[in-house]
Structure formats: C-alpha cells, structure tokens
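Trainee: Could we go through some of the labels used for this structure together? I would like to see the reasoning behind each one.

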Amino acid sequence: MSAAPTVFPGYSLGRIDDEIVNPELYQSEGIHEVYSKLRREDPVHWTEPNGFRPFWSVTKHADILEVEKNHQIFVNRLRTYLSPIQGEEWVKSVTGDTHLFRTLVDLDDPVHMKLRGLTQSWFMPPNLKKLETRIAQIAKDHVDRMAALGGECDFVKEVALWYPLRVIMMILGVPPEDEAFMLKMTQEIFGPGDPDVAAETANKADANTAAFSASGDNTVDLMKTAMKLFEYFGKVTADRRAHPKDDVASVIANGMIDGQPIGDREAMSYYIIVATAGHDTTSSTVAGGLLQLMKNPEQMAKLKADMSLVPNFVEESIRWVTPVKHFMRTATQDYKLRDKTIKEGDGLCMFYWSGNRDDEAFEDPFKFKVDRNVSKHVAFGYGVHVCLGMHLARMEIKALYNELLPRLKSIELNGQPKNTLANFVSGLKSLPVRYKIA
C-alpha cells in the first residue's frame, strides 16, 4: 500500500489563494500579512489554491463564531482540514471515506456528542481537580530537569514536548516508557511535510525505545503510522476490557453507544485524538508563551511581580499561538455570511489564528499582554465542537509556569527559534535558551 502524499503542491508567490495554504508562511508567521489583508478587504473569500479543492476562507472572529454556532448547517464529516486533492484521494482509496480516522473532530451529532459524552466528565474541572497534585509534581519534575541541564537547553525538545505528554499518558494510563513512541506518532500525524520533525522524532524514538525504532528517513507513511497506533491501542483495549482501571483508556475500551460497544475504528481514533492532540497543542502553547516573555521582558517582569496574572498569561499564550490554525466545515444548505452566499456543498475554512488577531475582537491584537482579559479567543473552537481538553490544557500550562517562574532568575534566547512546517497544527519545534534557574 502506498504512502500518503506529503509533497505540497506548487504555490504562486503573491497569489493570496496559494499563500493562505502555504505551510512555509505558517512557519515564518508571514501568514499574518495574508490574514490581515483578507480581514480588511474580503473576510469571506472564495479561495482556489493550486492543488486544492476550492473553499471559502473565513478570517473574522465574528464570522468564525457564526459558523461554529450553526453546526447543523456547517458539518464536519465531509471535510475536516485542508488537504491537497492528492491527499484526499489517497485517504478515500485506503478508507473508502474522507477521513483516515474517525475522531470527535471528524464527526457530527448525534454520533459526535454520544462519543464525546463517554469521556467528557473526565476532562471537566471537578474531576481534573483530583489530578492537580499529580500534575504539579510532573511540572516540578520537568523544571528540575531543566535546572539539571546546566543553564542551556532547547526548551521545546527538553521540556515543552515531554511535560504535557507525560500528563496525557498518565491520564490515559499508559506507561512512561512508551512516551517516545507516542511523540513520534504525533509528529508524523501533524507534521508529515516537515523533514526535521520526522528525523528528530525518529532519532528520539531510537534513543529511548528500540521496540519502536524508525527507519530514519524523512518521509512519513501515514498508513503505517495509523497501523502502528491501531496495533498499540488494540493491545491497550484488550488489557482494559480484561482488567479495567481508573483511567481514560478503560473508559474508551469499555464505552457503550446506544447499548452497543464502541466500534473498533471509533475506539482507536478516540485514543489517538486524546493521545496526540492532547499534548501537542499544549506543548506549542507552553513554548510559544515563553518565547513571547523573552521577547517582551517588561511583560515577564509584570508577570513575575504578580503571579495572580498567570491565568491571564495562559489565555494570552493560547490566543497568541493558536496551535490549531484552522478547521473546515461543509455547508448543507445555502447560507448568507456577510455579503456572500455560501452554496450547499461549499467548503469553509475557519482560520482561527486570523480570528485571534482580529482588531474588532481584541485591542492591539499584535501585542502580547500578560494582563489581557482574553475571554473570547477561538483557539479552542466554539460551540458543540469546543476542545474537549481545554480545561486540562489550562491546568497544565498554569502548573508549569507556577513552578518555573518563581525559580527562574534569568532567561534569554540562545539561538534561532524554529516553527514546524505545517498549516494545520503547528508551533515551535526548537527554542534554544540560556538561563539561570534555582
């Protein structure tokens, strides 16, 4: 079976329809010029990039909320994220439908809400409160590791990637020794076009767990990735059905929908979305927030002087980074959005990163402010598909910075930060820092 195509189609420099899907612009953050132009001139823009099926680009905060609210009109199941036509055709050839997995973000109600309901209570604040002490200890362990590294490290590779991964593995109930494998699988799913990510995670996996060693090349066969994850979580399912525990894996393995056991593909997809998206987006925010503190030392000083601002800082970091750059919907009927008529069957792409820089929603949106009251960012989505793990993400980031900031005497860049080459889920992949820490 052939691998999923990972080569991006050709882009025309200066052609806005090509630029808005170009992962290189997301890597440099040059995409914000494209977003700003569209918000000013054509916020609901019919977009025809080379190599992609056309769609409407939705770039204003208010319009993103409107689409999200109308989830019965704008559905997920037909097209969830931007993919070249090549990639869409490949997925259809191997699965028979439009998705490689059947995760919560790929499905619509009533199935979506029934599946979501299986674990929702696990990710709500009353249950998460029971985990505060354990998460605080995991945060301390990672700051202790940072302190032991002698004043220099790549914050992404040594701390930001591994801290939320350890938390999510603990919640799932799978062992720490499998973390390198899970990290590699996550990076292959979210960064298949980034050769650095593939090479680095392969090397890390080889170093930590020979059982899941990689070939070492820079290409990603997404079907092989999916099969490895299905095999891994198939064993987890068998174990939890025989020996259920107080963990999320047991909830999924023994889940019932309409009186019937959850389907194998749905169960495997559920594990995968929790295990991968459950840590990757948080690691991007943890690293992106630190980078902004270093770029804005007055904001660092303000935060360290008043630790009660940490929750505000967390929300501002999430708004600023917006790890999930977009999601797509498909119209099931004609609909008027601003001055445009969305036709039945049209695709829409909600560019969350653009909505989170909309000056009609946020004052001085291109300034990072640790005391900003950010109660309406769209980084977690909105409505019925709002991020299941948003409360956990907030708790994790808060715990890490509550541990790190009081111990941090100084910190500065020690090299050039680098972002992942991806237009869907992306963030920092390298953040070299020099620091003094207690």
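Mentor: Gladly! Let's start with handedness: a crossing is right-handed if the near helix is turned clockwise from the far one by less than a right angle. In this predicted model, helix α17 passes α19 in a right-handed crossing.

Trainee: What makes α17 oblique to α19?

Mentor: Their axes come within 10 Å and cross at roughly 120 degrees. Roughly perpendicular covers 65 to 115 degrees and roughly antiparallel starts over 145, so α17 counts as oblique to α19.

Trainee: Which residues of α17 make the contact?

Mentor: On α17 they are Val310, Pro311, Phe313, Val314, Glu315 and Ile318. By class, the contact of α17 with α19 has eight nonpolar, one polar and three charged residues.

Trainee: Why is the pair of Phe313 and Phe368 called edge-to-face?

Mentor: Rings pair if their centres lie within 6.5 Å, and planes over 60 degrees apart count as edge-to-face. Here the centres are 6.2 Å apart and the planes are at 75 degrees, so the pair of Phe313 and Phe368 fits the label. Phe313 lies in helix α17 and Phe368 in the loop between α18 and α19, so the pair ties together parts that are 55 residues apart in sequence.

Trainee: How do you know whether Phe313 is buried or exposed?

Mentor: Buried means under 20% relative accessible area. Phe313 has 0%, so Phe313 is buried. With 4%, Phe368 is buried as well.

Trainee: What makes Phe327 and Phe424 an edge-to-face pair?

Mentor: Their ring centres are 5.5 Å apart and their planes are at 70 degrees, so that pair is edge-to-face.

Note on methods: Residues are numbered from 1 along each chain as its sequence is written. This is a predicted model: local features need pLDDT of at least 70, side-chain atom pairs count only at pLDDT 80 or more; totals for chains, interfaces and linings use all residues. Side-chain values use heavy atoms; hydrogens and water are left out. Axes are lines fitted to C-alpha atoms, for helices over the stretch in contact, and angles run from 0 to 180 degrees between N-to-C directions. Helices (H or I, at least four residues) and strands (E, at least two) are DSSP runs, numbered from the N terminus. Angles under 35 degrees count as roughly parallel, over 145 as roughly antiparallel, 65 to 115 as roughly perpendicular and the rest as oblique. Contact means heavy atoms within 4.5 Å. Ala, Val, Leu, Ile, Met, Phe, Trp, Tyr, Cys and Pro count as nonpolar, Asp, Glu, Lys and Arg as charged, and the others, Gly among them, as polar. Rings of Phe, Tyr and Trp (its six-membered ring) pair if their centres lie within 6.5 Å; planes under 30 degrees apart count as stacked, over 60 as edge-to-face and the rest as tilted. Buried means under 20% relative accessible area, exposed over 50%, partly exposed in between (1.4 Å probe, protein chains only).
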